[in-house]
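Let's walk through this structure together, starting from one helix and working outwards. Have the viewer open as you read.

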Amino acid sequence: MLNVLEWLHARRAAYGHAGATAAGAAPGAGSAVSPRLTVVVLSNNDPMTRGQLRRMAELAREEGVGVRWEDARGGATAPLRTVGGLAAALRRARRIVIGDPFSRYVQLLLTLSRAPETVVVDDGTATMEFVSQLAKEEPLVRWHRSGTGARGLRDTAYAPVSAAARKRLTPRPGHRVEVFSAMPVEAPPGVTVTPNDFAWTRERFGPPTLTRGADLVGTSLAETGVVDEEHYLRAVKDLARAYGATRYFAHRRESTEKLHRIGDELGLEIVRPELPLELIARRGPIGRTVVSFPSTVLHTLPLALAGTEVRVSACDIDPAWLTEGASPRAQGFLAGVTGTARDVVRLPPAPAAGQ
């Protein structure tokens, strides 16, 4: 949802108004009905994610944006109820604004649209993979998926819907596609790329108070089966010791059990942000050094914290940390996330990890 507010701010700055927009959306994505933007939140059941979305919904309303909350995963009949409730608006829409092109929910909703304009507003690392797959005319598959087992079978069964959605995300005569993102992307011909510089965040919050210590930013790489959890925990321990970190900002998808270990065994204060980390950091207080593994924040935090003395540092993932089930693309993709990050200090993998 933060990306939608940034997109709306950029559009107002460029054109003086938001324009007529309508769409269905996933968590963090938006839609609108002319003449005012309305964000449709397809909430999931994760308490931390729902909490962040609730707080972002409050900020959106303060900015004059309407919010439509959908408990899209609240029971067996919820998907049918949600899709049915949004179908008419999607068919009338002149512009669709979405946040996660890999979401099956969003893909399903896209198949109901005939809008002449589609905008993808996302600063996740998956945006890089999405644009790459779009350019290569490949199926839309998240980079960390191995394509085997039950998940691979589900992907195969869902392939017709995904293919139809991909068509809606492909520019053609009479259909414009825009990507609004802070991530470094090289869009295929016909796709307009608009950079997100976090101007709304900087204007709305801060500058932050800086602490003398360092903060660590967590990832869900262990939860997605990419990185071995024991290697990850050793790396966190080494980084905390090397940089004097006392706080660990948890990713919303990190497991409670892993976070308990980080807090109890490593002695770090676990912070569960109630807002996206870019807003938390901009409001402060924040450490003068922020250390992160390969993730979105390596690209977004330097923009949100521009003009401050905060140094964002990137710790690479050692190939030895990867699990046997990690996607063959994982190592190259993660290296690309850190390698393309601007205005960050690139650190070697934590030296004692895996030893």
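Which residues of α11 are buried? In this predicted model, they are Val-297, Leu-298, His-299, Thr-300, Leu-301, Pro-302 and Ala-304. That makes 7 of the 8 residues of α11, so the helix is largely enclosed by the rest of the structure. The cover over these buried residues includes the helices α7 (199–204), α10 (277–283) and α12 (330–339), and the strands β8, β11 and β12 also belong to it.

Two residues of α11 let you see this enclosure from the inside. Val-297 has its place in this helix, and with a relative accessibility of 10% it counts as buried. If you set aside residues up to four places away in sequence, Val-297 touches Val-217, Leu-277, Glu-278, Ser-292 and Pro-302. Try a C-alpha distance here too: Val-297 and Thr-125 are 9.2 Å apart in space, although 172 residues separate them in sequence. His-299 also lies in α11. Its relative accessibility is 5%, so His-299 counts as buried, the cut-off being under 20%. Beyond its neighbours within four places in sequence, His-299 is in contact with Ala-182, Met-183 and Pro-184, and also with Val-337, Thr-340 and Ala-341.

From α11, step across to β12, one of the elements that cover it. Cys-315 is found in this strand, and at 0% relative accessibility Cys-315 counts as buried. Its C-alpha atom is separated by 5.9 Å from that of Pro-348, a residue 33 positions away along the chain.

Strand β12 (311–315) also leads to another helix, since the buried residues of α8 pack against it. The other partners of those residues are β8 (210–217), β9 (245–249), α9 (256–266) and β11. On the α8 side, the buried residues are His-231, Tyr-232, Leu-233, Ala-235, Val-236, Asp-238, Leu-239 and Ala-240. You can also check the length of this helix: at 1.5 Å a residue, its 15 residues should span 21 Å, and the end C-alpha atoms are indeed 21 Å apart, so the two values agree.

Now for the aromatic rings. A pair of aromatic rings is described by the distance of the centres and the angle of the planes. How many aromatic pairs are there? The count comes to 4. One of them is formed by Phe-102 and Phe-130, with 6.4 Å from centre to centre and 85° between the planes, an edge-to-face arrangement. This pair links distant parts of the chain, 28 residues apart: Phe-102 sits in the loop between β4 (95–98) and α4 (104–110), while Phe-130 belongs to helix α5 (residues 126–136). Phe-102 is buried, with a relative accessible area of 7%, and Phe-130 is buried as well, with a value of 0%.

Another pair brings us back to α8. The ring centres of Tyr-232 and Phe-293 are 5.0 Å apart and their planes meet at 40°, so this pair is tilted. It too links distant parts of the chain, 61 residues apart, with Tyr-232 in helix α8 (residues 229–243) and Phe-293 in the loop between β11 (286–292) and α11 (297–304). Both Tyr-232 and Phe-293 are buried. Ring pairs also bring in Trp-321, giving a cluster of Tyr-232, Phe-293 and Trp-321. Elsewhere, a ring meets a charge: the charged end of Arg-54 sits over the ring of Trp-69, 3.6 Å from its centre.

Finally, zoom out to the whole chain. It has 12 helices and 13 strands, and 54% of its 355 residues count as buried. The largest nonpolar core has 45 residues, and those with the most contacts inside it are Met-1, Trp-7, Met-56, Leu-279 and Leu-301. Leu-301 is also one of the buried residues of α11, where we began. A second, separate core of 33 residues includes Ala-87, Ala-93, Leu-110 and Val-185. Among contacts with a separation of 6 or more, 70% come from residues 24 or more positions apart. As for the outside, the chain exposes about 15,300 Å², and carbon and sulfur atoms supply 51% of that area.

Key. Residues numbered from 1 in each chain as written. Predicted model: local features only at pLDDT ≥ 70, side-chain atom pairs only at ≥ 80, totals over all residues. Heavy atoms only, no water. Core = buried A, V, L, I, M, F, W, Y, C linked by side-chain atoms within 4.5 Å. Buried < 20%, exposed > 50% of the residue type's maximum accessible area, 1.4 Å probe, protein only. Helix = DSSP H or I, 4+ residues; strand = E, 2+ residues; numbered from the N terminus. Contact = heavy atoms within 4.5 Å. Areas by Shrake-Rupley, 256 points an atom, 1.4 Å probe, with all protein chains shown as cover. Phe/Tyr/Trp six-rings, centres within 6.5 Å; stacked < 30°, edge-to-face > 60°. Lys NZ or Arg CZ within 6 Å of the ring centre and 35° of its normal. Expected span 1.5 Å × (residues − 1).
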